[in-house]
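Student: I should like to understand how the descriptive terms applied to this model are justified. May we take them one at a time?

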Amino acid sequence: MNTSQHAHIATVVSVATQGAALAATGHEQLIRDSWFRCVHEHQLDPTRMQEAIILPHARLREHQDQMEAFLHIARHGLETLYSKVAGLGYVVLLTDAKGVTVDFLGDLVFEPSLRKAGLYLGADWSEQHAGTCGVGTCISTGQALTVHLNDHFDATHIPLTCTSAPVYDSRGQLSAVLDISQLSSAQPKSSQHLALQLVQMYAHDIENAAFLYRHRRDWILRLSSAPQFLDVQPEYLLALDVQGRVVGHNRRAQLGLRADPAQPLLGTRFERLFDLPFADLGRYVQTRPSDQRAVMHSEGRQLLFLSATPPPKLPNSQSQRDTAVPPALAALSAGDPPLERQIERVARLVNSPISLLITGETGSGKEYFAKAVHASSERRQQPFVAVNCAAIPEALIESELFGHLPGSFSGASPKGKRGLIPEADGGTLFLDEIGDMPLGLQARLLRVLSEREVLPVGATRAVPVNVRVIAATHAPLETWVRAGRFRDDLYYRLNGAHIMLPPLRERSDLSAMIDRLLPGRTLAPEARQCLLQHPWPGNLRELRNVLDYASSMCQQGPIGLDDLPELLGSHEVRQAYPDTPNELTPNGDASLLQALRLSQWNVSAVARSLNVSRMTLYRRMKRAGIVAPHRQAG
């Protein structure tokens, strides 16, 4: 045990025996109170050194499912906060009210150290498990604070500095904790003051965003003591029902609009709070200048400025639930439960601005899924532009995506070109095989996603774009981020919601999908059995090709075994080397080299067998340092 750990344990013993005599104020008192709870209420051993508790994926998913809508709302705030602190070595954590980390942004290059320290997805930071810590103590006290180095109860957390702020729901209940933490800090605790202010600010923004979504069909009141900031950054938010009763509020409203903050705001009538009849609220809509919308707060006799937004008028046809699955998405499954759970999740996000990342094996239907999302959204009348990042030559990909001015480079069109991203303006941009985008271009794409503008090649002025981005890949992007092949900030920006499509061999609706793809045709029992037993390495793409071939071969009657193609013949390379580079396993480079040697360096044949383009295969060869024998220097 090192010197810091000995000092830490000595501090615990001192606090446990002398705590009643200690005089402290503010956060220091909160931390000391937390130590007492850990020793006496939670009965934790003050000399322990416990590794972080990381929940298995199934249990983590349960915690995430319980607050899925909130997670999607909070994601933009997390990404923006991370962009401010990542260069200082911080990670960003969002936990639920139980202390389980349900979202995480950090440099995955340091994944082993972050996971060991508990600064990772699925980590349990509740006080009863982790002792005094940023998240756990924030949950226990309901206050923002910093737990720095030796403040931590568990000796394994001594190097950490953790700054946390609570996020409350519109009924005044703690719903989440926002935290930024460092693996180590050589600075005193006072160095975290600005970190504390930053975390509180973004926790407030996330809280307000969740409030506005939750009460989008109620009266929304924004209040501020300064008219200049009323429409920009209001202090208080209230939601009223049609009778003028408070049905929701943000945390600041609870603390600032009640003489006794412990007295509930919920259920209070508007006239009890302000010297104004509820019937006159329509005069406070944004059509009037903000400095002409003053109102007197009844309890505190405080002059505030008010902006009111009435509830929207819903059409009579809106009787369906928000979570109803649109037909285009419902058609993607014929009854497979895991896939239908994914579809139900996406149905709630079709009109959300957050980006989607679709992963799955080659041929599993990622582009079909993206098109179904577009067809189900309010953008369906606008363009759906698909970009295969692996098929565009690297030298041209920048001008193809962003466009170029006339004569901006050698070989450029004299008329210029608009670019694929501007072509998708107002609609959906589908970035297929995003993992094959060159690193240098990833920075420019990140700017497009964050700034919502495109700078064509040769231009000096950016062009604004409004696109919903859906990206897809079969590659393990997290592994690539750790290896430096893919930018972590772009990965987090694209991964607003992750949709994982199951391979066809694992789907329980294979037989029903076969019937759906064979309208008006029947299968002989032996042919159906053959199809059901095939592993389908090419997934839905291979299934469609096989069924199209069989339909052409069979002129009449049921499709028989003789009408099916030689299913296994086209997959000799894949079967000979199951660890295919298509999945990019740790042995992927070696498998790629073996596959090329087996085919006597026939790149086209290997690309066909793996269902990828030759351009993609050449890029993978280049990354792996594989050179064909006839190209090697003599």
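Student: What is the bridge partner of Val147 in S4?

Tutor: In this predicted model, Val147 has Cys162 in S4 as its bridge partner. Local features need pLDDT (the predictor's confidence in each residue, from 0 to 100) of at least 70, side-chain atom pairs count only at pLDDT 80 or more, and totals for chains, interfaces and linings use all residues. Residues are numbered from 1 along each chain as its sequence is written, and side-chain values use heavy atoms, leaving out hydrogens and water.

Student: What makes S3 and strand S4 (residues 161–168) a pair?

Tutor: Strands (DSSP runs of E, at least two residues, numbered from the N terminus) pair if DSSP finds at least two bridges between them. Four bridges join S3 to S4, so the definition is met. The two run antiparallel.

Student: Why are strand S2 (101–105) and strand S3 (145–148) called edge strands?

Tutor: The five strands form an open antiparallel sheet in the order S2-S1-S5-S4-S3. S2 and S3 each pair on one side only. The twist averages 20° from one strand to the next.

Student: How do you know that helix H8 (residues 193–214) packs on the sheet?

Tutor: Contact means heavy atoms within 4.5 Å, and H8 touches S1, S3, S4 and S5. Its direction makes about 25° with that of S4, where axes are lines fitted to C-alpha atoms, for helices over the stretch in contact, and angles run from 0 to 180 degrees between N-to-C directions.

Student: Where is confidence lowest and highest?

Tutor: Helix H22 (residues 572–576; helices are DSSP runs of H or I, at least four residues) is lowest, at a mean of 39, and strand S1 (residues 90–96) is highest, at 96.
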